[in-house]
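Please look through the model below before reading my comments, which are meant for someone who has not seen it before.

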Amino acid sequence: MADRQQKSLITVAGKGSSLTSSSVFLVANNLAQVRVDSSLIEKLSSCRSNETPPSIKYQISFPDFLTLEESRASLTVLLSRLLLSSTSIRLELPNLISEALNSGLENQSQPLHCDAIDVTGEENVILDSCLATMDGICAILDYESSALSSVSDVVAALSCEALGANVASFNSVDSGDGFSMKDEAAVAGDLKVLLNGSKLVGKIEIGVVSDIPKVHGSLREAVRMVHSKVRVELNSGVKGGKGGNRKAWMIALMTLAAALRYLGESSLSRAELNISSVAGLSVGESLLGFLRENCPTSDTLREAFRLVSEAALEEEYVKFLHEVNELLCLVKTVVSWEMVMAVVSLAGSELLERTQGDNASTVESNGGNSKVEKKSEKKKKVLGKGVTLIMQIIRDKLQNGLTDVVDELSLAKKLAEGLQSFVDPKNIEFDMFSGKLKEIVESNESRRLPKLPKGTRDFAKEQMAVREKAFSIITEVFKRHGAMALDTPAFELKETLMGKYGEDSKLIYDLADQGGELCSLRYDLTVPFARYVAMNGLPSFKRYQIAKVYRRDNPSRGRFREFYQCDFDIAGIYEKMGPDFEVVKILTELLDELNIGEYEVKLNHRKLLDGMLDICGVPPEKFRTICSSIDKLDKQSFEQIKREMVEEKGLTVETADRIGTFVKERGSPLELLSKLRREGSKFLEHEGSALALNELEILFNALEKSKCIHRVVFDLSLARGLDYYTGMIFEAVFKGTMQVGSIAAGGRYDNLIKMFGAKEVPAVGVSLGIERVFAIMEQIQKDQKQVIRANETQVLVSIIGDDLPLAAELVSELWGAKLKAEFLVNRRMSKHLDRPKEMGIPLQVIVGSQEVERGMVKIKDWEAKEEYEVPGSKMVEELQKRLSGVSS
């Protein structure tokens, strides 16, 4: 492939210009010449009368282990640094450096040489302290790693196509739960653009494909860190504090080195996976031979990284940078070989056919069906839209270089060299290739792929089947306890919601002012329920509601901004602790019947908590804010909470320590209750906490008799940060391996309804965090490899042919008999047989021309593996009989 022919001109230290990594790279590789800005030359010339006579002999030299590219990069930065640092330097010094850089070395193995020169004391200080060698190599690393980052994504996409890999994991990288990293999500997005429309991907689960967003995202992050530092350092003068600058470079570049190593290993694994598809081609053996000779191995990559680490430990800074650059070159070679194997796997036979296309005997010798075979092969390879464009660019560039090749060895070598040129920034093909790539990824047409807002998600048909089943169980439990359904608006007046949620009020979603009313999306279902009871003057109401709520929270695993809540509330005056018992009992029934596994219900009492704070010496006006801090104990250590209470909320250390002794108390409800009621207990001396202990005794005894107390843990650290709770509070926590936080919560709120200007109506309720429960259920199904049937269709009516009226007649009979049925009209029998297998439909009615003539229908029972005919008039009766023993 063509090298760059025409050299560009780089102006150093010009007014308004800046030195870039790209400029350093071009000069370092003798692809550009340097010139000193003319205005600066005039300024330096005008200062000659005041110059100090040179008295120090200075030799500009570089360590022997540096490559010519690294030495030239260092000299380029040295030139810029001299010109930026002082107007007192003599013109001879930049002229000497410019002449050395512009000498146009043709022998790239020849070491860079500058003649010794006499310098002034000021020049000597600048030359010794400007860190040009480090910054020069860093500029090379910045440019090369940035180039590698962009092209490696394309190469990975080619491998995904060549391997037929399952890329579904790319969709979950940015799932909206805030758990993904920015660069991982960006890589996944770019790959989806390139692979959009592909018929090859999605078949095989491959670990080194699923890990692409993480590995490539880490490289992007490291490259960005290096680039931001290089951009500043290249255009700064001489600075003091060399040690700090060196360590800063080492931190940034050690991260880059680790990212490069893992990119190389991942790329090498994909290249090796492509070997089997390449081996069958005529040039396959030759290509594999070249790969084994020239492609670094995993051992080579590990050794290179070891040298990087060793230099870092020894604080050999220039050596360290050189070894990072060596590692980058190895990884670039690996990525180029991954590209070779992927492209040849995807289009090798086509490229070979093109080079041999004029030789008719070759085609004939392969047999008369060779054209048919190749045509069908091309039909099968439907690539992604972005990959198709990339492959077309590659084909166009390669074909010109392959036309004169006759033997397989030369052809294999030309193929490898041609493809590798796309990965080499020194080559003119690289600029074209990377430019086209940027156009493809950033084009409006490609970017039409839609994206979900953060904190939201779609639910596929299988997920919806699970959700509908769960909602059915929940609704049945609620109705079993006499609850009636209620629905309220998705948004309320802002004044309705404010002042009810304590510190969590900041999470309320406000809507734009429309028509003079300030509205907000509902934060939960409890406050709208209280507003409804107050507005309608209801003395009592036992209700349930299943609906979406909205919180402007930071999304995380199991935490979303839009999610369902399933609420059960009892408002009104009843027997003491009766409603409290019932809501806890309902919660245990729900979680048991949803069959999610082990859980516990942590329970406390707001009056007991307030009494504890009072006993510890917390001022009453700080009760609620301290409760919000205590409520974080399930996520943070007590030391962190203590620091918050003391430094941010003004408690004394002694008060915080007293709180710490109480909140550590948790255990069996009746046992801990007995401990807290012992003679001399400070809780018995406090009116509020004594009342709470009496109420809890009634509650615990009721739960014991109902045989669910084993699910309950009495926990004094449970605070529930919402302002409206006044009595019992509780929270259910999943105890399995999946960390999702609380899955349900609730408590008594006797004053909330009164806050809306109505009379006091005591109330208690429970809210099930169903989204987290769904996450647990989905994980269980995945672990147990359960197959979820997304539809409930019982019968498929199959019409062999194109008689839609007949299909309408038969399926309408089934619908009229309340059977769940679908119909399919198609001439191909395979379509009729595939549908029930794919959809899990147990029964099928098959009608062709012969059945029509005889007035019969054929019934196929997929579960019993039986097939027989019945008269059309008996079809419904026979199907109903069959379904009485078939699960829908």
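The points below take up an enclosed space, a strand with its partners, and a helix.

1. The model is a predicted one, and the comments should be read with that in mind. A search of the whole structure finds 1 cavity of 30 Å³ or more, and the space within the largest cavity comes to about 50 Å³.

2. Which residues line the largest cavity? The lining is made up of Thr456, Arg457, Phe459, Arg467, Lys548, Phe560, Glu562, Phe563, Tyr564 and Glu771, and by class these residues divide into 5 charged, 4 nonpolar and 1 polar. Strand β9 (residues 562-571) gives the largest share of that lining, with 3 residues.

3. Strand β9 deserves a second look, since 8 of its 10 residues are buried and the strand is thus mostly covered. Strand β8 (residues 541-550) runs antiparallel to β9 and is joined to it by 10 bridges, with Val549 standing opposite Phe563 of β9; Phe563 is also among the residues that line the largest cavity.

4. Strand β15 (residues 763-768) likewise pairs with β9 in the antiparallel sense, over 6 bridges, and here Leu768 in β15 is the bridge partner of Cys566.

5. Helix α6 (residues 132-163) has 32 residues, which at 1.5 Å a residue should span 46 Å, and its end C-alpha atoms lie 45 Å apart, in agreement with that expectation. Because 30 of the 32 residues of α6 are buried, the helix is largely enclosed by the rest of the structure. Gly164 follows α6 and has a positive phi, near 60°.

Note on methods: Residues numbered from 1 in each chain as written. Predicted model: local features only at pLDDT ≥ 70, side-chain atom pairs only at ≥ 80, totals over all residues. Heavy atoms only, no water. 1 Å grid on protein atoms, 1.4 Å probe; cavity = no way out; pocket = protein on both sides within 12 Å on 5 of 7 lines; lining within 4 Å. Points joined across faces, edges and corners; volume = space filled by probe spheres on them. Helix = DSSP H or I, 4+ residues; strand = E, 2+ residues; numbered from the N terminus. Nonpolar A, V, L, I, M, F, W, Y, C, P; charged D, E, K, R; others polar. Expected span 1.5 Å × (residues − 1). Buried < 20%, exposed > 50% of the residue type's maximum accessible area, 1.4 Å probe, protein only. Pairing = 2+ DSSP bridges.
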